[in-house]
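Me: Hey, I've got a structure open and could use some help reading through it. Mind if I throw some quick questions at you?

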Amino acid sequence: MNSPAWVARKRRWFREHWERTHELAACVVCRARPVDLHHLDYGNLGEEDYESLIPVCRPDHDRIHAAWEATPHVRRLGRRTATLVIVLEMQERLARSAAGSTGS
Ligand SMILES: [Zn+2]
């Protein structure tokens with residue numbers, strides 16, 4: 001996954017993200033930086049749409065792949081939907097643990 005085409009595609013994604021949002025890309029789960037890009041869809045490598053890639057930090061990227069492997073019932077939803085379900089569950093878990101740590 002470190003082919004020149006992918007490295008170039010990532011560079012273009014980060015430029016496009018900046019042009020669209022004027023924000024540095026942050027992890028969709030925990031807002032950490034720096035981020036990897038995770039594929040929602042596999043198109044032609046190097047030709048992915050902006051919307052087919054989401055920014056995630058390295059630990060959350062590993063967690064997404066682990067959850068993907070561990071949840072065949074979620075995987076049946078298809079890669080894009082399953083990944084979004086996994087990300088939502090990770091966001092909720094993070095919100096719950098943040099609420100718990102403040103004692104509320
Ligand atoms: Zn993260």
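Me: Which exposed residues does the face of H2 turned away from its buried side carry?
Reply: That face carries Arg58, Glu69 and Ala70. Exposed means over 50% relative accessible area, buried means under 20%, and partly exposed is in between (1.4 Å probe, protein chains only). Helices (H or I, at least four residues) and strands (E, at least two) are DSSP runs, numbered from the N terminus.

Me: Before I go on, what kind of model is this?
Reply: It's a predicted model, where local features need pLDDT of at least 70 and side-chain atom pairs count only at pLDDT 80 or more, while totals for chains, interfaces and linings use all residues. Residues are numbered from 1 along each chain as its sequence is written, and side-chain values use heavy atoms, with hydrogens and water left out.

Me: And what's the mean pLDDT of the chain?
Reply: The mean is 92, and 96% of the residues reach 70 or more. pLDDT is the predictor's confidence in each residue, from 0 to 100. Among the elements of the chain, S2 has the highest mean at 97 and helix H4 (residues 79-101) the lowest at 93.

Me: Back to H2. Which of its residues are buried?
Reply: Asp60, His61, Ile64 and Trp68. Looking down the axis of H2, these buried residues fall within an arc of 105°, so they line one face of the helix (the arc is that of the directions from the helix axis to the C-beta atoms).

Me: What do they pack against?
Reply: The buried residues of H2 pack against S1, S2, H3 and H4. Contact here means heavy atoms within 4.5 Å.

Me: What about H4, which residues are buried there?
Reply: In H4 the buried ones are Ala82, Thr83, Ile86, Val87 and Met90. The buried residues of H4 pack against S1, S2, H2 and helix H3 (72-75).

Me: New topic: which residues coordinate the zinc ion?
Reply: Cys27, Cys30 and Cys57 do so through SG and Asp60 through OD, at 1.8 to 2.3 Å. Donors are N, O and S atoms within 2.8 Å of the metal (3.2 Å for Na, K and Ca); water is not among the atoms, so sites may look incomplete.

Me: Where do Cys30 and Cys57 sit?
Reply: Cys30 is in the loop between helix H1 (4-21) and strand S1 (36-39), and Cys57 is in the loop between strand S2 (53-56) and helix H2 (58-70). The pair is 27 residues apart and links distant parts of the chain.

Me: Are those two buried or exposed?
Reply: Cys57 counts as buried because its relative accessibility is 7%, whereas Cys30, at 31%, counts as partly exposed.

Me: Why is the zinc arrangement called tetrahedral?
Reply: Because the four donor atoms subtend angles of 103 to 114°. Four donors count as tetrahedral if all angles lie between 85 and 135 degrees.

Me: OK, last one: what does Trp13 touch?
Reply: Trp13 lies in helix H1 and is buried, with a relative accessible area of 1%. Leaving aside neighbours within four places in sequence, Trp13 is in contact with Ala25, Leu37, Tyr50, Leu53 and Pro55. Trp13 and Leu53 are 40 residues apart in sequence and 8.1 Å apart in space, C-alpha to C-alpha.

Key. Four donors count as tetrahedral if all angles lie between 85 and 135 degrees; four count as square planar and six as octahedral if opposite donors are over 155 degrees apart and all others between 65 and 115; anything else is irregular.
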